[in-house]
Amino acid sequence: MFCKNCGEPLNDNQAICVKCGVKVGDGNAFCGNCGKPVEPNAEVCLNCGVALKKAAGDLAGQDKIVMILICLFLGGLGIHNFMMGETKKGVVKIVTTFLCGVGGILALIDLIKIATNKYVVDPDKLI
Ligand SMILES: [Zn+2]
Ligand SMILES: [Zn+2]
């Protein structure tokens, strides 16, 4: 894992880059997978081929703690999905919550994924 702002190698348990002080995962000048410089708007790293814009834990710029709280209290209404631009998923949550309460379970799954940095926003599914 590398700092996406300055390209410095990072430990997995590091939250802040000690070289540039930027939060791990922030920045778009370097590939977080191989540490090579990339174009700021590149979709994939030309060196290792990893997708740059949907790295695990990248909540479309949203704060993780805020997203966890919103998911916990308003998850059944899909509010966290709407905040991340996932309108379709949000609507599914509202409908299933009112029909049978399944939306609450889906929200719980999202909550666990967000807390464990496994939540991935897929730009292809944003509508
Ligand atoms: Zn850095
Ligand atoms: Zn790379």
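This is the transcript of a short talk on one predicted protein model and its two zinc sites.

Good morning. The structure shown above is a predicted model, and I shall begin with the chain as a whole before turning to particular residues.

The chain holds four helices and zero strands. Following the sequence from start to end, one therefore reads the pattern α-α-α-α. There are 127 residues in the chain, and 29% of them are buried. Contacts can also be sorted by distance along the sequence: of those between residues at least 6 apart, 40% join residues at least 24 apart.

Let us now consider the metal sites. Which residues are the protein donors of the zinc ion called ligand 1? They are Cys3, Cys6, Cys17 and Cys20, each through its SG atom, at 2.2 to 2.3 Å from the ion. In sequence, these donor residues show the spacing C-x2-C-x10-C-x2-C. The arrangement around ligand 1 is tetrahedral because the four donor atoms subtend angles of 107 to 118 degrees. For comparison, the ideal angle for four tetrahedral donors is 109.5 degrees. Two of these donors deserve a word on accessibility. Cys3 has a relative accessible area of 3% and is buried. Cys6, at 19%, also counts as buried, because the cut-off is under 20%.

The second site belongs to the zinc ion called ligand 2. Its protein donors are the SG atoms of Cys31, Cys34, Cys45 and Cys48, which lie 2.2 to 2.3 Å from the ion. The spacing of these donors along the chain is C-x2-C-x10-C-x2-C. Here the angles among the four donor atoms run from 106 to 116 degrees, and the site is tetrahedral. With regard to accessibility, Cys34 is buried at a relative accessible area of 19%, and Cys45 is buried at 2%.

Between the donors of the two zinc ions in sequence, I would draw attention to one further residue, Asp26. Asp26 is found in the segment before helix 1. Is Asp26 buried or partly exposed? With a relative accessible area of 37%, Asp26 is partly exposed. Setting aside neighbours within four places in sequence, Asp26 is in contact with Lys4 and Asn5. The C-alpha atom of Asp26 is separated by 9.5 Å from that of Ile16, a residue 10 places away along the chain.

I turn next to the helices, and in particular to helix 4, which covers residues 102-115. Helix 4 has 14 residues and spans 20 Å from its first C-alpha to its last, close to the 20 Å expected at 1.5 Å a residue. Which residues of helix 4 are buried? They are Gly103, Ala107, Asp110, Leu111 and Ile114. Viewed down the helix axis, the buried residues fall within an arc of 105 degrees, so they line one face of helix 4. Ile105 and Ile112, on the other side of the helix, are exposed. What covers the buried residues of helix 4 includes helix 1, helix 2 and helix 3.

Helix 3 itself contains a residue of interest, Lys93. Lys93 is buried, because its relative accessible area is 4% and the cut-off is under 20%. The side chain of Lys93 makes a polar contact of 2.8 Å with the side chain of Asn81. Beyond four places in sequence, the residues that Lys93 touches include Gly75, Gly76, Leu77, His80 and Asn81. Lys93 also touches Gly103, Leu106, Ala107 and Asp110. Among these, Gly103, Ala107 and Asp110 are buried residues of helix 4.

Finally, let us look at what comes after helix 4. The helix is followed by Asn117, which lies in the segment after helix 4. What is notable about the backbone of Asn117 is its positive phi of about 60 degrees, although it is not a glycine. Asn117 is partly exposed, with a relative accessible area of 38%.

To summarise, the predicted model has four helices and zero strands. The site of ligand 1 is tetrahedral, and so is the site of ligand 2. In helix 4, the buried residues line one face, and Lys93 of helix 3 touches residues that include Gly103 and Ala107. Thank you for your attention.

Terms used:
Residues numbered from 1 in each chain as written. Chains lettered and ligands numbered in written order. Predicted model: local features only at pLDDT ≥ 70, side-chain atom pairs only at ≥ 80, totals over all residues. Heavy atoms only, no water. Donors = N, O, S within 2.8 Å, 3.2 Å for Na, K, Ca; no water. Tetrahedral: all angles 85-135°; square planar, octahedral: opposite > 155°, others 65-115°. Buried < 20%, exposed > 50% of the residue type's maximum accessible area, 1.4 Å probe, protein only. Expected span 1.5 Å × (residues − 1). Arc of directions from axis to C-beta. Contact = heavy atoms within 4.5 Å. Polar contact = N/O pair within 3.5 Å; in protein donor to acceptor, adjacent residues only side chain to side chain.
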